[in-house]
Amino acid sequence: MIRYECLELLASNMSNQLVVTSQSGQRIEWSHLSRHEGNLLVGMMGCAIGVATGLALALPHRKVIALDSDGSVLLSLFNLPTLGNLRPKNLVIYVFDNGVYSGSRISYPTATSGNTDLAAMARGAGIKNAQTIRDFADFKIKGIEALTRNELGFLVCKVEESLVHREIARPNTDLAENKYTFVRYLERTEEKIIPFIGRG
């Protein structure tokens, strides 16, 4: 299964969902596939699930999607018991697990290339709908169905190591601009002023 193809399918099924990405190849691929102002492209590993969880809790009427990687999830495993206890019904997490740190030039293997099972760890933390998807035909059904369900979803998508993200031209906006665009989008769509001050 190729991550880019999964993201392409997700992008074609999106409307007004809020999407948070981690700092890995899918951030580049997603920003290429989706120009939606509701995309928050987080520039750090290990933060996407936490940010997406906060958004889901603050905006329970909005569907929130996290696009994460095996490396990022392993870096922030403390998110799993938090999710297992809070269980926001409007949050779906897609973990694109290629078994390597492909954001680096070395592609050093992650623990999931061995015996580590992220879906089993998530279930152990109390996330009931935690499952592993291993082929694109299955992703077409379960991956898209998760967008319509009123339930916390944690989908570990086993993908091949792909270097497509290295061939995609980077966006002409930086992460600071993306953050402000996202916040202004929330203000418009929620009809609320978000009082925040920052330097990006």
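1. Let me start with the second largest pocket of this predicted model. Its volume comes to about 250 Å³. A total of 13 residues line this pocket, and R35, H36, L41, T173 and N178 are the ones closest to its centre. If you want a place to centre your view, those five residues will take you there.

2. Which elements give two or more residues to the lining of this second largest pocket? They are strand β2, residues 39-41, and helix α9, residues 175-190. The largest share comes from α9, with 3 residues. Sorted by class, the lining of the second largest pocket has 8 polar, 3 charged and 2 nonpolar residues.

3. Next, the enclosed space. The structure holds 1 cavity of 30 Å³ or more, and the volume of the largest cavity is about 40 Å³. Its lining is made up of M14, S15, Q17, V19, W30, S34, H36 and N39. You may recognise H36 here: this residue lines the largest cavity and is also listed among the residues closest to the centre of the second largest pocket.

4. How many charged residues does the lining of the largest cavity have? There are no charged residues in this lining, which has 5 polar and 3 nonpolar ones. The second largest pocket, for its part, has 3 charged residues in its lining.

5. On to a helix pair worth a look on your screen. Helix α3 (residues 48-58) packs with helix α5 (residues 79-86) at an angle of about 20°, and their axes are 10 Å apart. Angles under 35 degrees count as roughly parallel, so α3 is roughly parallel to α5. The crossing of the two helices is left-handed.

6. Which residues make the contact between these helices? From α3 come I49, G50, T53 and L57, while α5 brings N79, L83 and L86. By class, the residues of this α3 contact with α5 are 4 nonpolar and 3 polar, with no charged residue.

7. Finally, please have a look at A125, in the loop that runs between α6 (118-124) and β5 (130-133). Leaving aside residues up to four places away in sequence, A125 touches L80, P81 and G84. What separates the C-alpha atoms of A125 and T82 in space? The separation is 8.1 Å, although the two residues are 43 residues apart along the chain. The residue numbers of L80, P81 and G84, touched by A125, fall within the 79-86 range of α5, the helix described above as packing with α3.

Technical notes: Residues numbered from 1 in each chain as written. Predicted model: local features only at pLDDT ≥ 70, side-chain atom pairs only at ≥ 80, totals over all residues. Heavy atoms only, no water. 1 Å grid on protein atoms, 1.4 Å probe; cavity = no way out; pocket = protein on both sides within 12 Å on 5 of 7 lines; lining within 4 Å. Points joined across faces, edges and corners; volume = space filled by probe spheres on them. Helix = DSSP H or I, 4+ residues; strand = E, 2+ residues; numbered from the N terminus. Nonpolar A, V, L, I, M, F, W, Y, C, P; charged D, E, K, R; others polar. Axes fitted to C-alpha atoms, helices over the stretch in contact; angles between N-to-C directions. Parallel < 35°, antiparallel > 145°, perpendicular 65-115°, else oblique. Left-handed = near helix turned anticlockwise from the far one by under 90°. Contact = heavy atoms within 4.5 Å.
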